[in-house]
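Q: Please give a newcomer a close look at a single part of this model: its main sheet arrangement and what packs on it. Afterwards, please place that part within the rest of the chain.

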Amino acid sequence: MSEKTKTGVVANELRSNKKPWIYSLGLVLFLLCVLTVIYNNAHNKIINDRATKQFNEVAEMRQKISEEISAVAADLVYFSHSSLALETLAHLDPSAKEYLASLMRKIGELKKSFDQIRVLDAKGKEVIRLNQRADQTMAILAETELQNKSDRYYFKDASALPPEHIYLSRFDLNQENGQVQLPLNPVIRLATPIHSAAGQLLGVGLLNYRGNRLYELLNKMSVHEGDLVYLLNDAGYYLWHPNHSKEWGFMLPERSAFNFAKDNPQAWNLIHAEETGSFSLASGEYYFSTFELAPSADFKVTISEKITLLMHVPSRIIDESSHLLLVGLALVFLVLAPILVFLGWKLGVSQNRQAQLLSKLAFEARHDALTGLENRKAIMEHLEREVLRFYRNKKPLSVGFIDVNYLKRVNDRLGHEQGDEMIKGAAKAILDVIRCSDNAARIGGDEFLIVLPECSIDGANQTMQRIEKMFASFGRRINADWSLSYGCSQLENDDDSAEKAVARADAKMYQFKQAQRQTVKP
């Protein structure tokens, strides 16, 4: 080998040896870019997912509180506005009083949520009072143990209400004989005036709802480890705090320093700017909802305060999630970087093929192979979305159900190829007639379903008629007698559903088919 040849071989080898390093560097840089994009996207997704979960949890907690207070209001109305309460207060009927006390005890022992259940006369004197025992049974107090509550704010406020109204007190601590009850007993008092038929005030029905019951509900619903949930009154004092020694600062002088508004003025100002929302500070993320502590709108209610449900995600929780993401991506880099020089291009090809396969499988999973129309699962999901849109905008929504006549006879006599042509003809007729906003699917061997948004049942029937005529014309082109049966239905109200609408359309299609068989010889 000449020196020139040797020099050329060496040069070629050097050029060849450079390529792997160039590819390696390029792939490593590409991997770093990809991991950077992944980090940004994943980090944003973590933030968005966390926000969605926190907002949903706050909304569910608020809804649960409303449902709980509504149930308490229903119990209050049930015994306070009963004939037994009227007889007890108006006529001092001892038998009615005994039955009323028994009814109140049954309510208390069934719900186990009431610290006290009372009926007071028009002067504020307790006529019947039941206290919850430690075993959650209800004890009826003797006459000598009854108190006069005429000086209590909740009695005064409830007495001044119109008939059938309900008063909700502040969420505070129960007091007995002018002193805060120990151990601390947080309560919400619901009261309603009791009037005679002539409108005379006879007394007040009163429930002391155990605030600890709300705490139990919120504890069960707070599922994110590390999150801090607070319940604040309108002055920023803690009604509920993970550290219970910080609660009730507005009633206990030794705890008056514990106030969220004073400790976090910036956060408190942001909370007061809107009823529901979120914000981020150096200390973490905050999600909140301020609302009236009240039952549903079915009750006539006088509200004494608003409360704020606040969820705090500490910054350490947020930092931990970011740190775990970075560690994971760093490990991925250390594993992939050494082998990307050799396997990068194969991995790309493999991913492309996999994506194509998944896309094909996803399409096939939601479409009919013969007609290319959607299948039952896809069309029903689409219809459910249209039903939700109907609930919101109240614009008409109709469905059409089509059944191709005599498909089995065609298959048996002429073969399945002719039957397939018949089905494809039906699909083509449907697609040629329906609007771009409509959607169609083959949901069975000879059955089709069409969703027609913003279309009345009259319009749907006209569409079906055009499809029927076009389908028949396709059959005549090949000297075949093609026909179909159809039925339509329209969403009626908010109680209606996709399944009901499809069932009605199916029933009407069957009626149409029966009428055809009576008038047309098969």
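A: **The open sheet and its surroundings**

The centres of domain 1 and domain 2, taken over C-alpha atoms, are 48 Å apart. Domain 1 covers residues 16–366 and domain 2 covers 376–519, these bounds coming from an automatic or database domain assignment. The model is predicted: local features need pLDDT of at least 70, side-chain atom pairs count only at pLDDT 80 or more, and totals for chains, interfaces and linings use all residues. Residues are numbered from 1 along each chain as its sequence is written, and side-chain values use heavy atoms, with hydrogens and water left out.

The part chosen is an open sheet of 5 strands, paired antiparallel in the order β11-β10-β15-β13-β12. Its edges are β11 (238–240) and β12 (276–281), each of which pairs on one side only. From one strand to the next, the twist averages 30°. Strands here are DSSP runs of E with at least two residues, helices are runs of H or I with at least four, and both are numbered from the N terminus. Two strands pair if DSSP finds at least two bridges between them.

Strand β10 (residues 228–232) runs antiparallel to β15 (residues 306–314), and 5 bridges join the two. In this pairing, Val 229 stands opposite Met 311 of β15. Strand β15 also runs antiparallel to β13, with 9 bridges between them. There, Glu 285 has Val 313 in β15 as its bridge partner. Strand β13 is joined in turn to β12 by 6 bridges, again antiparallel. These two strands form a hairpin with 2 residues between them, and Leu 281 stands opposite Gly 284 in β13. Of the 9 residues of β13, 8 are buried, and the strand is mostly covered. Buried means under 20% relative accessible area, exposed means over 50%, and partly exposed lies in between (1.4 Å probe, protein chains only).

Which strands does helix α5 (residues 211–221) lie across? Helix α5 lies across β10, β11 and β15, and runs at about 70° to β11. Helix α7 (residues 265–273) packs on the sheet as well, touching β10, β12, β13 (284–292) and β15, and its direction makes about 155° with that of β12. Contact means heavy atoms within 4.5 Å. Axes are lines fitted to C-alpha atoms, for helices over the stretch in contact, and angles run from 0 to 180 degrees between N-to-C directions.

Beyond the sheet, Asp 172 merits attention; this residue is found in strand β5 (residues 172–173). With a relative accessible area of 2%, Asp 172 is buried. Setting aside neighbours within four places in sequence, its contacts include Asn 185, Pro 186, Trp 248 and Phe 250. The side chain of Asp 172 makes a polar contact of 2.8 Å with that of Tyr 153, and another of 2.7 Å with the side chain of Arg 189. A polar contact is a pair of N or O atoms within 3.5 Å; within protein, one must be able to donate a hydrogen and the other to accept it, and residues adjacent in sequence count only if both atoms are side-chain atoms.

A cis peptide bond, with omega about -5°, joins Leu 182 and Pro 183. Pro 183 lies in the loop between β7 (179–180) and β8 (186–195).

Asp 368 is found in the loop between α8 (315–366) and α9 (376–393). Asp 368 counts as buried, at 16% relative accessibility. Not counting residues up to four places away in sequence, Asp 368 touches Leu 373, Glu 374, Asn 375 and Arg 442.

Further along the chain, helix α10 (residues 407–414) packs against helix α11 (residues 416–433) at about 145°, with axes 6 Å apart. Among the residues that meet are Leu 407 and Val 410 in α10 and Met 422 and Ile 423 in α11. This contact has 5 nonpolar, 4 polar and no charged residues. In this classification Ala, Val, Leu, Ile, Met, Phe, Trp, Tyr, Cys and Pro count as nonpolar, Asp, Glu, Lys and Arg as charged, and the others, Gly among them, as polar.

Two loop residues complete the account. Lys 394, in the loop between α9 and β16 (397–404), has a positive phi of about 60° although it is not a glycine. Asn 479, in the loop between α12 (457–477) and β19 (484–490), also has a positive phi of about 60° without being a glycine. Lys 394 is partly exposed at 46% relative accessible area, whereas Asn 479 counts as exposed at 77%.
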